[in-house]
Amino acid sequence: MLEKRTSEEKTPDERLFPAKVTAAITSLIVMIGYFVITLTRGPNDIYTVLVGAITVGLAAGIAAGLVRRSRRRRGLLR
């Protein structure tokens, strides 16, 4: 079974992980807000599609990163 490491044993990436997730989720919430604003007051349809595509891409990237990290921690991915 995996043992929990102490803060001295954690790598800098492991220590920063909670802050990175918080920043990613905050960015996603902001992009969703931008998308809602473009639906109501957007300058044109292309802008709305662009913001929507960026928002979906950001959400997919965050999800992929979290899944990858989860698999790596369980030893399924190197």
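Biologist: Where is T55 found in this model?

Modeller: T55 is found in helix α2, and keep in mind that the model is predicted.

Biologist: What makes T55 count as buried?

Modeller: Its relative accessibility is 10%. The cut-off for buried is under 20% relative accessible area, so T55 counts as buried.

Biologist: And which residues does T55 touch, not counting residues up to four places away in sequence?

Modeller: T55 touches L28, M31, I32 and F35. Each of those calls rests on heavy atoms within 4.5 Å.

Biologist: Let's hop over to T38. Which helix is that one in?

Modeller: T38 lies in helix α1.

Biologist: Why is T38 called buried?

Modeller: Same kind of check. T38 comes out at 6% relative accessibility, and buried means under 20%, so T38 counts as buried. Leaving aside its neighbours within four places in sequence, T38 is in contact with Y47, T48 and V51.

Biologist: Now I37. Is I37 in the buried, the exposed or the partly exposed class, and why?

Modeller: I37 has its place in helix α1, residues 12-41. Its relative accessible area is 44%. Buried would need under 20% and exposed over 50%, so I37 is partly exposed.

Biologist: What makes V30, Y34 and I37 a nonpolar patch?

Modeller: For a patch, residues need over 30% relative accessible area and no salt bridge, with nonpolar side chains joined within 5 Å. I37, at 44%, clears the accessibility bar. V30, Y34 and I37 form the patch on the surface, with about 280 Å² of accessible area together.

Biologist: How do you know where empty space is left?

Modeller: You roll a probe the size of a water molecule over the atoms, and that shows the empty space.

Biologist: Fine, so how much space lies in the second largest pocket?

Modeller: About 220 Å³. Its lining includes D13, F17, K20, I62, R68 and R72.

Biologist: Which helices each supply at least two residues of that lining?

Modeller: α1 and α2 (45-74) do. The largest share, 6 residues, comes from α2.

Biologist: And the chain as a whole: how many helices and strands?

Modeller: There are 2 helices and 0 strands. Buried residues make up 13% of the 78 residues. The chain exposes about 6,600 Å², and carbon and sulfur atoms supply 64% of that.

Biologist: What share of the contacts between residues at least 6 apart in sequence joins residues at least 24 apart?

Modeller: That share is 42%.

Note on methods
Residues are numbered from 1 along each chain as its sequence is written. This is a predicted model: local features need pLDDT of at least 70, side-chain atom pairs count only at pLDDT 80 or more; totals for chains, interfaces and linings use all residues. Side-chain values use heavy atoms; hydrogens and water are left out. Helices (H or I, at least four residues) and strands (E, at least two) are DSSP runs, numbered from the N terminus. Buried means under 20% relative accessible area, exposed over 50%, partly exposed in between (1.4 Å probe, protein chains only). Accessible areas come from the Shrake-Rupley method with a 1.4 Å probe; for residues, only the protein chains shown count as cover. Patches are made of residues with over 30% relative accessible area and no salt bridge: like charges are joined within 9 Å, nonpolar side chains (Val, Leu, Ile, Met, Phe, Trp, Tyr) within 5 Å. A salt bridge is a side-chain nitrogen of Lys or Arg within 4 Å of a carboxyl oxygen of Asp or Glu. On a 1 Å grid over the protein atoms alone, a cavity is a set of points where a 1.4 Å probe fits but cannot get out, and a pocket is an open set with protein on both sides within 12 Å along at least five of seven lines; lining residues have an atom within 4 Å of a point. Grid points are joined across faces, edges and corners, and a volume is the space filled by probe spheres set on the points.
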